[in-house]
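Visitor: Could you take me through this structure?
Guide: Certainly; please have a look at it first.

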Amino acid sequence: MYPDNGSNAPTCPDRCGTLPECAPLAVPYVPFQQTCPKRYSQEDALSNGTLFPGLNLPFHMKADARNVVNCPLSELQALEFVLLELGLYLDTHQGDKEAFALFQQYAALEKAGREKYEATYGPLFKSSAAQSDCWCSWLQDPWPWNFEETEG
Amino acid sequence: MFVYEKKLQYPVKIKNTNPKLASVIISQYGGPDGELGASLRYLSQRYAMPYPELKAVLTDIGTEELGHLEMVGTIVHQLTRNLTEDQIKTAGFDTYFVDHTAGVYPQFASGYPWSASTMQVTGDIIADLTEDLAAEQKARLTYDNILRLSDDPDVNDVIRFLREREIVHFQRFGEAIRLAKERMDQKNVYFTNPAFDK
């Protein structure tokens, strides 16, 4: 039985999650994030570091996130980030059908986005190098840690 | 197994070199609460976990932490590229430089090399997941302190992202404990260790 799916489990507004009927003693207790939580757009999700506004709890020295989705690579990073965040949410909320449907939609978007990106900028996975003319496509700079002044 | 994807999880584009800042951020590469320890802790704790949700949470978060290790390595690399003769003598960085030049080595900010003594694998569900809650908090506060020490906006965007991930991971580990508890003795979760007592 999953506490968040119980018909008698009390819920509260999105930020607060799902409360138990009675809290257990002598074991760590974190409220369940309630199902169908509010979500950011994919761009805001990557920029903020979470898909879920209810979990966005920044430090006062750097409260606001800058929009970092401004080029083909960051557009792909935003799609992949939504997939990663939904996958982690589903690990502990496997009963949330809406979240799984969203995962399916984003998986299709990410696959299409990645194929388009790789066709222009080269392979992200070794297996994708098979679609290019030579192995040099896998070797070519930039590697992810390289800084490119021209990227802006 | 693991397959490499030739990209970062989040963009890292640092315009200005700053070896002094690199010498503190290295602690999130190989320090006591850094990303190397995080990934090895979670990926090693997986094997004793008896329930599928716990195997999945530890695998997914452990894998993501490897991506964060790459991001922190990238920050240190970009902060130490094209150093001048004067910059290598920066107080706090000179002691790193003498051993590692501009390489990226897993160590504490104090210079102590990464150590498996910073993490534990107990083979007990609640003990391991409770350590994981604490580990996420310790990583979170280390990022808080990096934000106190850094005035580079290019760095701070990335640190803000990494810090926020610790909060999301804390939430998922907390939920994982609740899911585990549902499967354990309802009157006394400490009556057996389901990872060992059959």
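Guide: What follows covers the confidence of the model, the two chains, their contact and the core.

Visitor: What kind of model is this, and which pLDDT do local features need?
Guide: This is a predicted model, in which local features need pLDDT of at least 70, side-chain atom pairs count only at pLDDT 80 or more, and totals for chains, interfaces and linings use all residues. Residues are numbered from 1 along each chain as its sequence is written, while chains are lettered from A and ligands numbered from 1 in the order in which they are written.

Visitor: What are ipTM and pTM?
Guide: The model scores ipTM 0.97 and pTM 0.96.

Visitor: And what is the mean pLDDT of chain B?
Guide: The mean for chain B is 97, with 100% of its residues at 70 or more; pLDDT is the predictor's confidence in each residue, from 0 to 100. Chain A averages 90, and 91% of its residues score at least 70.

Visitor: Where in chain A does pLDDT stay under 50?
Guide: It does so over residues 1-7 of chain A, for which the model has 15 contacts beyond four places in sequence. Two residues are in contact if their C-beta atoms, placed from the backbone, lie within 7 Å.

Visitor: How many helices and strands are there in chain A?
Guide: Chain A has 4 helices and 0 strands. These are DSSP runs numbered from the N terminus, with helices (H or I) of at least four residues and strands (E) of at least two. The radius of gyration of chain A is 20 Å, well over the 15 Å that the globule rule gives for 152 residues, so chain A is more spread out than a compact globule. That radius is taken over C-alpha atoms, and the rule is 2.2 Å times the number of residues to the power 0.38.

Visitor: How many helices in chain B, then?
Guide: Chain B comes to 7 helices and 0 strands. Its C-alpha atoms fill a box of roughly 65 × 35 × 30 Å along the principal axes.

Visitor: What share of each chain is buried?
Guide: Buried residues make up 47% of the 198 residues in chain B and 25% of the 152 residues of chain A. A residue is buried if 20 or more other C-beta atoms lie within 10 Å of its own, exposed if 12 or fewer, and partly exposed in between, with C-beta atoms placed from the backbone.

Visitor: Is helix 7 of chain B enclosed or open?
Guide: Helix 7 of chain B is largely enclosed by the rest of the structure, because 24 of its 31 residues are buried.

Visitor: How many residues does each chain give to the contact?
Guide: The contact takes 39 residues from chain A and 47 residues from chain B. On the chain A side, the largest share, 9 residues, comes from helix 2 of chain A.

Visitor: Which residues touch the most other members of the largest nonpolar core?
Guide: The core has 61 residues, and those touching the most other members are V82(A), I25(B), I75(B), V76(B), V158(B) and A176(B). A nonpolar core is a set of buried Ala, Val, Leu, Ile, Met, Phe, Trp, Tyr and Cys residues joined through C-beta atoms within 7 Å. Leaving aside residues up to four places away in sequence, V82(A) touches Q42(A), A45(A), L51(A) and Y106(A).

Visitor: Changing topic: is G95(A) buried or exposed?
Guide: G95(A) counts as exposed, because it has 11 C-beta neighbours inside 10 Å. G95(A) lies in the loop between helix 2 and helix 3 (97-121) of chain A.
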